[in-house]
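This report introduces a structure to a reader who has not met it before. It takes up strand pairing, then the nonpolar core, and then pairs of charged and aromatic side chains.

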Amino acid sequence: NKAKQEAEQQEEADLGITAEIRTDSITEVLVEFDNVRYSTTVDKSILLHNSTDTPLSLIDYDATCRCTWVDLPQKAIAPGEAGEVVLKFDSRGEYGSVGNYVDIRTSDPRCRIGIWMSAHVN
């Protein structure tokens, strides 16, 4: 049914960026900030769905640049549930095309999350 498919696509668009955490894999997410004014901070929310059979805590992260960081959920994400991560980018000191990577560690070493970020600072 075309109307149902369009409604599902609109619901997905309303949710923003979503990704699924699976066992024995790296969940990779691409976040594009597009054009960002110099000396501003922008952010985007990412909804992470836990598709494993155990609760997952997002413990810590490493970023390739101090200009990029994440706010992690304070409690574990139960199986079948979702948790929100907010990726933030501060454009001070950055010019032109910028690309960074954030590696998030979880309570299960078999499950990792990688966020690729891009922006164009002008």
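Strand E1 pairs with strand E3 (residues 41-50) in the parallel sense, over five bridges; strands, here and below, are DSSP runs of E with at least two residues, numbered from the N terminus, and two of them pair if DSSP finds at least two bridges between them. The model is predicted, so that local features need pLDDT of at least 70 and side-chain atom pairs count only at pLDDT 80 or more, while totals for chains, interfaces and linings use all residues. Residues are numbered from 1 along each chain as its sequence is written, and side-chain values use heavy atoms, with hydrogens and water left out.

**The open sheet**

Within the pairing of E1 with E3, threonine 18 has leucine 47 of E3 as its bridge partner. Both strands belong to an open sheet of four strands, in the order E1-E3-E6-E5 and with mixed pairing. Its edge strands, each pairing on one side only, are E1 (17-21) and E5 (68-71). On average, and with direction ignored, neighbouring strands of this sheet are turned by 30 degrees against each other, where the axes are lines fitted to C-alpha atoms and angles between N-to-C directions run from 0 to 180 degrees.

**The nonpolar core**

In soluble globular proteins, nonpolar side chains tend to be buried together. The largest nonpolar core of this model has 27 residues, among which Leu87, Phe89, Ile104 and Ile115 touch the most other members; such a core is a set of buried Ala, Val, Leu, Ile, Met, Phe, Trp, Tyr and Cys residues joined through side-chain atoms within 4.5 Å. Buried means under 20% relative accessible area, exposed means over 50%, and partly exposed lies in between, with a 1.4 Å probe and protein chains only. At least two residues of the core come from each of E1, E2 (25-36), E3, E6 (82-90), E7 (96-106) and E8 (111-121), and E8 gives the largest share, six residues.

Two residues show what surrounds individual side chains, with contact taken as heavy atoms within 4.5 Å. Isoleucine 104, when its neighbours within four places in sequence are left aside, is in contact with Leu58, Asp60, Tyr61, Val70, Leu72, Val85, Arg112, Ile113 and Ile115. Methionine 117 lies in strand E8 and counts as buried at 2% relative accessibility. Not counting residues up to four places away in sequence, methionine 117 touches Val31, Phe33, Thr68, Leu87, Phe89, Val98, Gly99 and Asn100. The C-alpha atoms of methionine 117 and valine 31 are 4.8 Å apart, although these residues are 86 apart in sequence.

**Salt bridges**

Side chains of opposite charge can pair when their charged atoms come close. A search of the whole structure finds seven salt bridges, each defined as a side-chain nitrogen of Lys or Arg within 4 Å of a carboxyl oxygen of Asp or Glu. Three of them are listed here with their N to O distances.

| Acidic residue | Basic residue | N to O distance |
|---|---|---|
| Aspartate 62 | Arginine 105 | 2.8 Å |
| Aspartate 71 | Lysine 88 | 3.0 Å |
| Aspartate 103 | Arginine 112 | 2.5 Å |

Because aspartate 62 lies in strand E4 (residues 58-63) and arginine 105 in strand E7, their salt bridge ties together parts that are 43 residues apart in sequence. Aspartate 62 is partly exposed, with a relative accessible area of 43%, and arginine 105 is likewise partly exposed, at 25%. Asp60, Asp62 and Arg105 are linked in a network of salt bridges. In the remaining pair with arginine, aspartate 103 counts as buried at 18% relative accessibility, whereas arginine 112 is partly exposed at 28%.

**Aromatic pairs**

A pair of aromatic rings is described by the distance of the centres and the angle of the planes. Rings of Phe, Tyr and Trp (its six-membered ring) pair if their centres lie within 6.5 Å, and planes under 30 degrees apart count as stacked, over 60 as edge-to-face and the rest as tilted. By this rule the model has three aromatic pairs. Phenylalanine 33 and phenylalanine 89 are stacked, because their ring centres are 6.2 Å apart and their planes stand at 25 degrees. Since phenylalanine 33 lies in strand E2 and phenylalanine 89 in strand E6, this pair ties together parts 56 residues apart in sequence. Phenylalanine 33 is buried at 8% relative accessible area, and phenylalanine 89 is buried at 0%.
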